[in-house]
Structure formats: structure tokens, C-alpha cells
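User: I'd like to go through this one with you before I head back to the bench. Could you look closely at a single part of it and tell me how that part fits with the rest?

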Amino acid sequence: MISIPNYLDKLDNNVAICNVSDILKECHNKHGLNQKAAAKILRVSSNCYSYSLNNKSCRISFLRKFRDKFDQNLFSKIYEKENIVCTARSKIVKLPKFIDANLAYYFGYLQGDGCLTSDKKGLSFVDEYLEQINKIGLLSDSMFGFQGKTYEKKTKISVKPYYEIQIKSVVLNSFFYNVFGINRGKKNNLKIPGLIRQDKDLCRYYLAGLFDADGTLPKTPEKAKMLFIDLTMKDREFIQSIRQLISEFGIETLKIYSHFMKLRHLNFKTLSGIYRVNMACYRINMNILVIF
């Protein structure tokens, strides 16, 4: 387990932090200003100032203004609270102050088979195995306070269904984007988080999540000439960093090589529909393969 540096100031403006009224009121009283005068300094309306001071939650945008004018240590005081609880509207979300094994695994899986939605409203995971999707739902519940909803889906040409869990949360989208650096929408420039990289135990769980998402085994291991695990990624630099990390556990790998899957009976337009990406992205997604 490793602590996460104070990230509250990095969250999006529409995220609100709960249970900060006591801190705001204490600071307000120290300055000896009435609410109208304080609101004028912050350049907000008196109603807005009073609401932010007394409501159960307060938006990051207001807290930044309050910090700049009245208390430079505001976010530090909030982060010292035992629990960090946020909301965007009505859904309450617990945010972590430490990276533990569960969060490291969750992040690895998010980089593999998950994504942050481009509309900034949540995240989703896709897997062909319902048990794996259920596991992600339980992890979401234990870490953040809710599971999300799971849907069974099927393409026009598929034999088996696949499953998607959608976790609607502006707060979590903002957290993973601003704190861990996962881009919204189409994934690119993936990196091993520095906080995870410096802790070898966390790296184990991170790799487990990544391989559960994007790793594959032989379909018939009893017939395989060589047992292997392969990991497919579109980003060669990211694959190289994963290979380096794995080598630190004493696991040797074959060299990285490009691999292009040819399915001649299906055109790229059909394939892109299956994988819910555009044609160019699909061609790239199958490009890098490393075998252990």
C-alpha cells in the first residue's frame, strides 16, 4: 500500500466534496467578514456563498476561489479528513487516499479492457466472461461504494454474448483522468503509473489486472508445443515498459513483434462493429504481441 499525494485540486470543477462545511465556516469566522463581504471578494453572489458554506457538499470550483482568497491550506485540511467523499449530483463516491492491491488490479484492468467515457460521465469494462465483469463490479462497490450496471450484449455475427459493466460516475471519471492520467475516450499514451511502479507488490496486482484484461492462453494447452501467455497492445512503448517490469520478476520474454490478424471472410467495417472501434483503431489494436 502506498499513499496518493493530495489530488483534490486536480479534480474537475463540477465535482463536489462532501462534509467540508465545518472547515469553511471555521475559516470564514476567522476573517471576521459577513457573508456579503466575503462573497464580493470571491466575486460570487451572496446566495452562492451562503449555499457553498452551509451545504453538505461544495464544488471544487468554489473551493479553489476560497483557497486563493482566504486559506492556502484549504485542500490540505480537507485531505486530512479520514474519508474523502465526493459527488457530482446525487451519487456519493468514496475516493481513496492509498493505492492498495485492489486498486492496483483495478487500474491494470481499466487500462486493458476498460475505458473512461469521452462524455466525462463514467467508465465501462467489457469482457466475454460474466464472472470477470462481476468481479469488477464487486471491486467497484468495495472501493468506491457502488457497482454499476451490467449488460449482456451480442453482435449480429457472434455466437456467444459479451458483457459490459457501465459505471456512471462523473467523480470516478475525473479521478482516473486527473490523478492517474488515463485519457478519455480512445485510449492512447498508456503508461505504468509512477506510484504503482515504485512498489513491487503493487506491480504484481497491476500486472494481474492487465493480463486478466488483455492476456490470452493457448485454447488447448495439452496440445500446445510451448505453453505461453500473450499480451496484445496497440502501444509499442507501453508494451516495452510492461516487458521491462516483468523482467524484474525474473520472467523472460521473447522479443516484441508486430502481429496482424487476417480474417478474410470479414471486412474491416464488420470487425470494427464487433470491437466497437473505428477501422483504423482495430488495425492498430492487433499490432503488438509479446509472448512470455
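How much area does the protein chain expose, and what share of it do carbon and sulfur atoms supply? Then please zoom in on the aromatic cluster: which residues form it?

Analyst: Surface first, then the rings. The protein chain exposes about 16400 Å², and carbon and sulfur atoms supply 51% of that. Keep in mind that this is a predicted model. The mean pLDDT of the protein chain is 81, with 79% of residues at 70 or more. One stretch to treat carefully is residues 263–292, where pLDDT stays under 50. The model still has 72 contacts beyond four places in sequence for that stretch.

A bit of background on the fold helps before the close-up. The protein chain has 13 helices and 14 strands. Of its 292 residues, 44% are buried. Among contacts with a separation of 6 or more, 68% are between residues 24 or more positions apart.

Now the rings. The structure holds 18 aromatic pairs. Twelve names make up one aromatic cluster: Tyr7, Tyr79, Tyr105, Tyr106, Phe107, Tyr109, Phe125, Phe144, Phe175, Phe176, Phe180 and Tyr206. Two pairs from that list are worth walking through.

Start with tyrosine 106 and phenylalanine 176. They form a stacked aromatic pair, 6.0 Å centre to centre with 20° between the planes. Tyrosine 106 lies in helix H6 (residues 101–113) and phenylalanine 176 in helix H8 (residues 170–178), so this pair ties together parts that are 70 residues apart in sequence. How accessible are the two partners? Tyrosine 106 is buried, at a relative accessible area of 0%. Phenylalanine 176 also counts as buried, at 0% relative accessibility.

Next come tyrosine 109 and phenylalanine 125. Their ring centres are 5.8 Å apart and their planes sit at 40°, so the pair is tilted. Tyrosine 109 is in helix H6, while phenylalanine 125 is in strand S8 (residues 122–127), so to speak a link between distant parts of the chain, 16 residues apart. Both tyrosine 109 and phenylalanine 125 are buried.

There's a charge to fit in here too. Tyrosine 79, a member of the cluster, has lysine 97 over its face, at 5.4 Å from the ring centre. A second lysine does something along those lines with phenylalanine 146: lysine 91 lies over the face of that ring, at 4.9 Å from the centre.

Phenylalanine 146 also leads us to helix H7 (residues 130–144), where glycine 137 is found. Leaving aside neighbours within four places in sequence, glycine 137 is in contact with Phe146, Gln147 and Ile165. The C-alpha atoms of glycine 137 and isoleucine 165 are separated by 7.4 Å, although the two are 28 residues apart along the chain. Glycine 137 is buried, with a relative accessible area of 1%.

The cluster's Tyr79 points to one more neighbourhood, the surroundings of helix H1. Buried residues of helix H1 (residues 21–31) are Ser21, Ile23, Leu24, Cys27 and His28. They cover an arc of only 165° around the axis, which puts them on the same side of H1. Asn29 and Lys30 are exposed on the other side of H1. The cover over the buried residues of H1 includes helix H2 (35–42), helix H3 (46–54), strand S3 (57–59), helix H4 (60–70) and helix H5 (74–79).

The ends of H1 have some backbone details you may want to check by eye. Just after H1, glycine 32 takes a positive phi of about 65°. In the loop between strand S2 (16–18) and H1 lies asparagine 19, whose phi is near 60°, a positive value in a residue other than glycine. Asparagine 19 counts as partly exposed, at 48% relative accessibility.

Back beside the tilted pair, lysine 120 sits in the loop between strand S7 (114–116) and S8. Lysine 120 is not a glycine, yet its phi is positive, about 70°. At 43% relative accessibility, lysine 120 is partly exposed.

Last stop, past H8: asparagine 189 lies in the loop between H8 and helix H9 (194–197). Asparagine 189 is exposed, at 57% relative accessible area. The C-alpha atoms of asparagine 189 and phenylalanine 238 are 7.6 Å apart, with their positions 49 residues apart along the chain.

Technical notes: Residues are numbered from 1 along each chain as its sequence is written. This is a predicted model: local features need pLDDT of at least 70, side-chain atom pairs count only at pLDDT 80 or more; totals for chains, interfaces and linings use all residues. Side-chain values use heavy atoms; hydrogens and water are left out. pLDDT is the predictor's confidence in each residue, from 0 to 100. Contact means heavy atoms within 4.5 Å. Rings of Phe, Tyr and Trp (its six-membered ring) pair if their centres lie within 6.5 Å; planes under 30 degrees apart count as stacked, over 60 as edge-to-face and the rest as tilted. Helices (H or I, at least four residues) and strands (E, at least two) are DSSP runs, numbered from the N terminus. Buried means under 20% relative accessible area, exposed over 50%, partly exposed in between (1.4 Å probe, protein chains only). A charge sits over a ring if NZ of Lys or CZ of Arg is within 6 Å of the ring centre and within 35 degrees of the ring normal. Accessible areas come from the Shrake-Rupley method with a 1.4 Å probe; for residues, only the protein chains shown count as cover. The arc is that of the directions from the helix axis to the C-beta atoms.
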